[in-house]
Amino acid sequence: MSSPSRLPLLESVLEAVSLGVIVIDDARRVVLWNKWMSRHSGCDAHKALGADLFELLPELRGGRVEMAVTQALTNHFSSLLSPTLNRAPFPLYSDPAALGRGERMQQAVAITPLAVGDDARYCLIQLNDVSMAASREKLLREQTEKLRMQTFSDGLTGVANRRAFDVAIDREVRRAKRNGTVVSLLMIDIDYFKPYNDHYGHQQGDQCLIQVSSALQALLQRSVDMLARYGGEEFAVILPDNDKHQALHMAQALHARVLDLAIPHEHTGGPVKQITVSIGVATLLPGQPADPAALIGAADQALYAAKRQGRNRIVAAPAEY
Ligand SMILES: Nc1nc2c(ncn2[C@@H]2O[C@H](COP(=O)(O)OP(=O)(O)OP(=O)(O)O)[C@@H](O)[C@H]2O)c(=O)[nH]1
């Protein structure tokens with residue numbers, strides 16, 4: 001079989017590649033404009049050939065493409081335009097529907113100087129459609145974010161989970177130590193939740209947990225405050241920069257908010273026949289050792305004191321626990 005001569009072969013390759021190829025001369029006139037360019041720009045080779053590239057596509061004037069072309073023609077520098085910074089410099093569209101929607105193809109643009117013979121200078125512009133890669137990357141980012149959310153949020157109530165709490169309490173205790181500030185912690189436990197579940201059923205128990213957590217969450221206005229589900233029917237609230245007085249104030253508001261829900265509970269062991277919470281409060285002072293476990297322990301001790309004293313109340317840990 002005879003081999004075809006190189007020039008027609010090269011021309012066929014240029015017309016067949018899935019890549020935009022433009023070559024301009026040192027007067028910036030288009031000398032090559034392949035089929036891919038015609039297909040995606042809506043401008044065919046007849047119109048493009050011989051035209052000044054920046055008159056053909058005036059929006060490229062003064063931008064990164066013109067700078068890179070000048071660099072290639074005068075200094076023989078190659079450039080790669082980052083698709084992140086220059087998403088769609090050329091007016092190219094993946095298909096007619098995208099053109100109709102005005103949705104440009106995302107592009108990777110490579111600009112390379114070409115020397116043909118001794119002094120003829122040209123510039124090669126290669127364009128790649130990276131829309132698919134960009135949308136895959138976006139999907140991947142969204143999935144990663146979703147996974148991150150799932151990893152750090154409680155499946156039932158949607159508030160932060162224990163893992164997120166552990167990270168946050170560590171961070172806030174270290175921050176308080178660094179800045180010489182205080183941090184308070186509330187441990188909140190629903191009273192008589194076992195008899196609630198036993199009497200009303202597990203599903204209604206779940207609904208109760210959802211209601212209580214969203215009522216608690218609604219009261220936390222500062223972005224630094226964090227409500228987490230610590231375990232079963234126990235929640236924790238981290239209050240950075242809040243001293244004991246402010247933490248007690250917040251505990252009272254949260255306690256009252258749960259009472260306001262007025263969720264009936266006929267089977268409590270006490271006189272109040274609705275869902276209530278007990279709250280333990282502890283505050284880490286600047287002089288104390290920055291130990292998250294000790295802070296959690298102090299808030300827990302205070303919570304159990306509240307339970308022992310009859311539930312439906314707030315108890316604060318001693319100042320220097
Ligand atoms: N519906 C539901 N119940 C849960 C969930 N997690 C834990 N529980 C229940 O919460 C109850 C906790 O009971 P206990 O720790 O004995 O506490 P309590 O009955 O609230 O008693 P006090 O805390 O002393 O007032 C148990 O019955 C658990 O099964 C959950 O996700 N959904």
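The following exchange concerns the predicted model of a protein chain with a ligand.

Biologist: On what basis are residues numbered, and which pLDDT is needed for local features?
Modeller: Residues are numbered from 1 along each chain as its sequence is written. The model is predicted: totals for chains, interfaces and linings use all residues, side-chain atom pairs count only at pLDDT 80 or more, and local features need pLDDT of at least 70.

Biologist: How many helices and strands does the protein chain have?
Modeller: Helices (H or I, at least four residues) and strands (E, at least two) are DSSP runs, numbered from the N terminus. On that basis, the secondary structure of the protein chain comes to twelve helices and ten strands.

Biologist: What percentage of the residues of the protein chain count as buried?
Modeller: A residue is buried if 20 or more other C-beta atoms, placed from the backbone, lie within 10 Å of its own, exposed if 12 or fewer, and partly exposed in between. Of the 321 residues in the protein chain, the buried share is 32%.

Biologist: Which element supplies the largest share of the shell around the ligand?
Modeller: The ligand is surrounded by 16 residues, each with its C-beta atom, placed from the backbone, within 6 Å of the ligand. The closest are Asp191, Phe193, Lys194, Gly205 and Gly232. Strand S6 (183-190), helix H9 (193-200) and helix H10 (202-219) each contribute at least two residues to the shell. The largest share, four residues, comes from H10.

Biologist: How many residues of the shell around the ligand are charged?
Modeller: Ala, Val, Leu, Ile, Met, Phe, Trp, Tyr, Cys and Pro count as nonpolar, Asp, Glu, Lys and Arg as charged, and the others, Gly among them, as polar. The shell has five nonpolar residues and four polar ones, and its charged residues number seven.

Biologist: How far apart are the end C-alpha atoms of helix H8?
Modeller: The expected span of a helix is 1.5 Å times one less than its number of residues. For the 18 residues of H8 (residues 162-179) this gives 26 Å, and the model agrees, with the end C-alpha atoms separated by 25 Å.

Biologist: Within what arc do the buried residues of H8 fall?
Modeller: Phe165, Ile169, Glu172, Val173 and Ala176 are buried in H8. The arc is that of the directions from the helix axis to the C-beta atoms. The buried residues of H8 line one face of the helix, because they fall within an arc of 100°.

Biologist: Which residues are exposed on the other side of H8, and which residue just after H8 takes a positive phi?
Modeller: On the other side of H8, the exposed residues are Arg178 and Asn179. Just after H8, the residue with a positive phi, about 65°, is glycine 180.

Biologist: Is arginine 163 exposed, partly exposed or buried, and with which residues is it in contact?
Modeller: Arginine 163 belongs to helix H8. With 13 C-beta neighbours inside 10 Å, arginine 163 counts as partly exposed. Two residues are in contact if their C-beta atoms, placed from the backbone, lie within 7 Å. Leaving aside neighbours within four places in sequence, the contacts of arginine 163 are Thr151 and Phe152.

Biologist: On which side of H12 do its buried residues lie?
Modeller: The buried residues of helix H12 (292-308) include Leu295, Ala299, Ala302 and Ala306. The buried residues of H12 cover an arc of only 160° around the axis, which puts them on the same side of H12.

Biologist: Which element gives the most to the largest nonpolar core?
Modeller: A nonpolar core is a set of buried Ala, Val, Leu, Ile, Met, Phe, Trp, Tyr and Cys residues joined through C-beta atoms within 7 Å. Of the 50 residues in the largest core, Leu186, Ala236, Ile279, Val281, Ala299 and Ala302 touch the most other members. With seven residues, the element that gives the most to this core is H12.

Biologist: Which residues does the second, separate core include?
Modeller: This second core has 25 residues. Included in it are Val30, Leu56, Val65 and Leu81.

Biologist: Is asparagine 312 buried or exposed?
Modeller: Asparagine 312 lies in the loop between H12 and S10. Its phi is near 55°, a positive value in a residue other than glycine. Because 22 other C-beta atoms lie within 10 Å, asparagine 312 is buried.
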